Amino acid sequence: MEKEHLIEIENVTKSYVKDCPVIENLSLSIERGEFLTLLGPSGCGKTTILRMLGGFETPTEGRILLEGQDISLMPPNLRPINTVFQKYALFPFLNVYDNIAFGLKQKKMPKDLIRTKVENVLEIVDLEGFEKRQISTLSGGQQQRVAIARAIVNEPQILLLDEPLGALDYKMRQEMQLELRSMHSELGITFVYVTHDQQEALTMSDRVVVLADGIIQQADTPENIYRKPSNIFVADFIGVSNIFNGFVTGSNRATFLSKEWKCYHDQAQGHKINAMIRPENVRLVESEKGHLVGKVISTMFIGNTYETTVAVGKNEITAYSEELLENESEIGIKIKPENIHIMPFDMSINRFVGNLNEDLQIVLEDIVFSPDISKVIPGAYNDGTTWRSAEKKPLLLKGKKIEVFFDPADVKLSDDEAEGEVVGNIASVIYIGDHYVYIVRSENDWDYYVDDEWLWNVGDRVSIVIPKEKIRYKMV
Amino acid sequence: MRLLRKHLGIPYGIFLGLFVVLPLIIVTYYAFTNGQGQPTMENFLDFFSNPKTLGTLLYSLMVSAVTTFFCLLIAYPTAYILSKGSFSGHAFILMLVIMPMWINFTLRLTALKEVLDFVEGNLALHPFMNTIIGQVYDFLPFMILPIYNSMEKMDGALLEAARDLGASQISVIIRVMLPLTAPGIISGITMVLLPAMTNYVVLDMLYNSTFIMGSLIGSYFSSYDWHNGSMVSATLLLFIVIVSWISSRFAEAKQEKEGGNVI
């Protein structure tokens, strides 16, 4: 059967405050019948996407298509989409039967048909005989089932689930995961599931969309998300990972941890890369048999195995071992080539993190950034003595963690050391079609990425000119 | 003697005895006796067989029912705007609702009288309408506040859930919002319906010469007819007991269903 896009999210941007988008130019298609999970840390915009699909929010820009028809502005009651809400949102004044029948009654369905449908759906969620029960007499898990029943009884084309298992205890959650999964294959309805729990996302979904800051980081099968994350964020967010900086030093060769490794990748020689190895793929062996030798610095029992941290030079590697290893003991490390995942180093943005000091500046080793607070916190203003939020509450800014970004394309290199903000030496040059990408390493060993159309040589001493208005700040 | 926790209740007990129980006993005593101090039911029989007094009772009921209806009509949307309104001035508007309660209501009525006089030319032309305007003006905050309270507690996700399940805006109000705010509505009705029956000062001040229950009690007592005055009071008391019993039964049933609190 030819796969058909059921939902098409096209270049959607959503901002609640002007020019401060929660979702930025996001495009995503959802296939008919798939179990899609939106995964990300809180505040990444996953719930906003779900609410736009449900019709509770409208996109600021872009549109959402359902079977080719634009539904961006369609009110929720007209969409063939139903939602299982985070805290169930069951009507407390109605019993189980009337809660489930609510949607069907809105459609003015004949009474006996409603009865058959409600009974049928109660069977699916395993709550036969609960018709007359009041909502307050049900346990969390039972309420959850009623909420699911209330949504699926309407036979929606898409079922939206907003962290539906968040309020359940661990065992209950695992049971419900399996049940939701089998319900999905039984009903054949498209599920769009929102969670911040990566384990849940990996076990349940056909496809996982990892989000951060309103941008899709990766959309792929659970296996690929885990084994082949597309960037450090995904690698770090999903599971436990060891990530190292390195360079490509040949076809199927890369150098990291001060050693050249055989591994599989399609990066060009000389490119900066990140290598990722999952702890279960790090084998701890006798010291003379390993590719690397390290020293055990901590061991922690985590239930089914020991999480062991090994120091190799300045780096640390996390591995799982079946036995308790003594601290300070020497150990060998072996990694198979197929277990090393190489990711292109993200040079598309310069990103720094620092804390605000008393003068509301971010002092880093090389540069001092003075952000405009009113742009960092939307609506913030200074009443002459203190900064206040849009709600007029005083802001405690000192010590706040701030992210600083600037685009490599927005900065320039100069041979006049006084002209720029930072002085350093060119560490690498990559020619990309019409311009060069430079890595400039400062005396304090910080790396800056600069796009420049002029050719400089490795080792040249340059200063980096960063226009103030191009620097972006974000609260962490 | 050591001061125990229960001793702290003594002043309250004394107060209760002196100002609640004792007056109730006195009222009951006078209601069921005649001028010679003999027990009798005649006071009640007279009241309920006299078309004039029965008319007063009906008129009072009508005045308070109409007052309650208009209070509800105005208070419900106001409370909704106050609790869910996203505009920044909503705290200010809430103040506007509460503030009149700090001013003596006869003063407010005097002001209202001037306004009505100016608009209508002669107050005597529309006595009933003026009474209702005065009563609604007086009791509106007592209707808004409990409804506002229950709207504040209302979970917005429930309204969204109803929309999600295919309910139109109107359907959401009728089938979800009204049941959710029912405790507030009931408590508002109780706080308006009963006092409105005896609030004869409004009628007096707005030149409505028709009697309501309050004026009846007032006129009996001012002519030293303790027995009939007590009888009317006892009748109203009974009425109050019945209404609050019904509303508390309703609230209990709701509480049982929802497992939540009712104001």
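Helices here are DSSP runs of H or I with at least four residues, numbered from the N terminus. With that in hand, a good place to start in this predicted model is helix 1 of chain A, which spans residues 46-54. Right after this helix, Gly55(A) takes a positive phi of about 100°. The helix itself is mostly covered, with seven of its nine residues buried. Those seven are Lys46(A), Thr48(A), Ile49(A), Leu50(A), Met52(A), Leu53(A) and Gly54(A).

Next comes the meeting of the two chains. The size of an interface is often given as the accessible area lost when the parts come together. For chain A and chain B, that figure is about 2,000 Å², and 58% of it lies on carbon and sulfur atoms. Three residues, Asn77(A), Phe93(A) and Gln106(A), supply 31% of the area that chain A buries against chain B, more than any other three residues. As for head count, chain A brings 22 residues to the contact and chain B brings 21.

Polar links also join the chains. Six residue pairs are in polar contact between chain A and chain B, counting pairs with both residues at pLDDT 80 or more. On the side of chain A that touches chain B, the elements giving two or more residues are strand 6 (81-84) and helix 2 (96-106). Helix 2 of chain A gives the most to that side, with four residues. By type, the residues on this side of chain A split into 11 nonpolar, eight polar and three charged. The count of salt bridges between the two chains is one: the side chains of Arg51(A) and Glu160(B) meet at 2.7 Å, N to O.

Two single residues round out the picture, one from each chain. In chain B, His227(B) sits in helix 11, residues 226-258. Its relative accessibility is 15%, so His227(B) counts as buried, the cut-off being under 20%. The side chain of His227(B) reaches the backbone oxygen of Thr33(B) at 3.0 Å. Beyond neighbours within four places in sequence, His227(B) is in contact with Tyr30(B), Ala31(B), Thr33(B), Asn34(B), Gly35(B) and Asn43(B).

In chain A, Leu65(A) belongs to strand 4, residues 61-66. Leu65(A) is buried too, because its relative accessible area is 8%. Setting aside residues up to four places away in sequence, Leu65(A) touches Leu6(A), Ile7(A), Glu8(A), Glu10(A) and Asp70(A). Ile367(A), by contrast, is 302 residues from Leu65(A) in sequence and 46 Å from it in space, C-alpha to C-alpha.

Key. Residues numbered from 1 in each chain as written. Chains lettered and ligands numbered in written order. Predicted model: local features only at pLDDT ≥ 70, side-chain atom pairs only at ≥ 80, totals over all residues. Heavy atoms only, no water. Buried < 20%, exposed > 50% of the residue type's maximum accessible area, 1.4 Å probe, protein only. Polar contact = N/O pair within 3.5 Å; in protein donor to acceptor, adjacent residues only side chain to side chain. Contact = heavy atoms within 4.5 Å. Buried area = accessible area lost by both parts, 1.4 Å probe. Salt bridge = Lys/Arg side-chain N within 4 Å of Asp/Glu carboxyl O. Nonpolar A, V, L, I, M, F, W, Y, C, P; charged D, E, K, R; others polar.
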